[in-house]
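Student: I would like a close look at a single part of this model, namely its largest pocket. Please also place that pocket among the aromatic pairs, the nonpolar core and the cavities.

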Amino acid sequence: MKSAAEPKPVIHGRTWDPMEHVDYRLAETPEEKEEIYRLRYRAYLREGAVKASLDGRVSDQFEDAPNAWTFGVYLHGELYSSIRISVLTSEWRLSPSVELFGDVLHPMLDKGMVFIDSTRFVADPDKVRRFPELPYVTVRLGSTAGVHFNADYGLAIVRAEHQPFYRRVFLQETWCEPRLYPGLVKPVGLMATHLPSVREKVLARYPFLRSSAFERRMLFDRASQRQAAPKPVLVAGTAQS
């Protein structure tokens with residue numbers, strides 16, 4: 001947990017705690033999932049990333065993968081954004097990044113490396129202007145998962161115009177030039193960062209990205225479902241990321 005003496009982050013010229021009114025919810029019910037699928041469609045359509053469709057939703061074959069967590073990010077009880085976190089190991093290789101960039105990732109997974117793959121990051125186009133810190137708050141879930149699962153690398157498949165954000169905030173590097181993912185109109189590139197190397201640098205700039213062991217367990221431990229998912233490897237005595 002953050003101490004009272006910890007300085008507030010300065011983002012977009014404002015000094016405050018962007019996590020104060022944020023609620024992360026794992027999408028578990030059909031209604032929660034459907035709301036997120038429709039949010040994806042609205043966001044992608046506004047950006048010109050998908051073509052118009054009659055059903056007005058975006059989902060794929062990885063939604064219920066045993067190594068995936070889809071979260072809604074709520075502010076004052078309203079859905080503002082969503083992201084899907086997939087944990088990739090030598091045993092579990094189900095994710096869009098592996099499907100699109102398997103030639104790069106499979107050899108590394110064969111060596112036992114663990115990846116956090118953050119995909120399907122979308123924000124409500126009608127609400128994001130009210131909360132400019134939303135991108136930071138949303139992608140924070142990938143950083144939190146990196147600590148919980150003791151991952152080697154964090155991944156993101158990102159359109160060219162969004163890559164500067166990932167370089168600036170998470171010090172990510174481009175591993176592969178853009179390729180076209182099925183269902184999208186605009187190509188995405190593969191970005192990655194070695195989490196143990198950059199963690200303290202990132203936290204020094206954005207201290208609200210820290211998480212407690214309790215928060216990580218609440219977010220990623222699921223006793224009621226997907227018992228075959230990879231088990232988290234926690235560092236003994238670690239309280240914060």
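Tutor: What follows starts with the largest pocket and then moves to its surroundings. The model is a predicted one.

The largest pocket holds about 660 Å³ of space. Its lining is made up of 27 residues, and those nearest the centre are Tyr 44, Glu 47, Phe 121, Arg 159 and His 162. Four elements give two or more residues to this lining: helix H1 (30-47), E6, E7 and helix H4 (163-170). Of these, E6 gives the most, with 6 residues. By class, the lining of the largest pocket has 19 nonpolar, 3 polar and 5 charged residues.

Two of the elements that line the pocket, E6 and E7, also carry the partners of an aromatic pair. The structure has 9 aromatic pairs. In one of them, the ring centres of Phe 115 and Tyr 153 are 5.8 Å apart and the planes meet at 25 degrees, so this pair counts as stacked; the limit for stacking is an angle under 30 degrees. Phe 115 belongs to strand E6 (residues 115-123) and Tyr 153 to strand E7 (residues 153-158), so the contact ties together parts 38 residues apart in sequence. Phe 115 is buried, at a relative accessible area of 0%. Tyr 153 also counts as buried, because its relative accessibility is 18% and the limit is under 20%.

Beyond E6, in the loop that runs between this strand and helix H3 (134-148), lies Phe 131. Phe 131 has a relative accessibility of 2% and so counts as buried. Its C-alpha atom is 8.8 Å from that of Pro 18, although 113 residues separate Phe 131 and Pro 18 along the chain.

H3 leads on to the largest nonpolar core, which has 39 residues. In general, nonpolar side chains tend to be buried together in soluble globular proteins. The residues with the most contacts inside this core are Val 22, Tyr 24, Phe 71, Ile 85, Val 137, Leu 141 and Phe 220. Among the elements that supply at least two residues of the core are strand E4 (68-75), H3, E7, H4 and helix H6 (213-220). H3 gives the most to the core, with 6 residues. Phe 71 and Phe 220 also appear in an aromatic cluster, where ring pairs link them with Trp 69 and Phe 149. A further ring contact involves a charge: the charged end of Arg 25 sits over the ring of Tyr 74, 3.9 Å from the ring centre.

The enclosed space is the remaining point. The whole structure has 2 cavities of 30 Å³ or more, and the largest cavity holds about 230 Å³ of space. It is lined by 18 residues, with Gly 142, Ser 143, Phe 170, Gln 172 and Leu 195 closest to its centre. E6, H3, E7, H4 and H5 each give at least two residues to the lining of the largest cavity, and H5 has the largest share, 5 residues. The lining of the largest cavity divides into 11 nonpolar, 6 polar and 1 charged residues.

To return to the pocket: E6, E7 and H4 each give two or more residues to its lining, and E6, E7 and H4 each supply at least two residues of the lining of the largest cavity.

Conventions
Residues numbered from 1 in each chain as written. Predicted model: local features only at pLDDT ≥ 70, side-chain atom pairs only at ≥ 80, totals over all residues. Heavy atoms only, no water. Phe/Tyr/Trp six-rings, centres within 6.5 Å; stacked < 30°, edge-to-face > 60°. Buried < 20%, exposed > 50% of the residue type's maximum accessible area, 1.4 Å probe, protein only. Lys NZ or Arg CZ within 6 Å of the ring centre and 35° of its normal. 1 Å grid on protein atoms, 1.4 Å probe; cavity = no way out; pocket = protein on both sides within 12 Å on 5 of 7 lines; lining within 4 Å. Points joined across faces, edges and corners; volume = space filled by probe spheres on them. Nonpolar A, V, L, I, M, F, W, Y, C, P; charged D, E, K, R; others polar. Core = buried A, V, L, I, M, F, W, Y, C linked by side-chain atoms within 4.5 Å.
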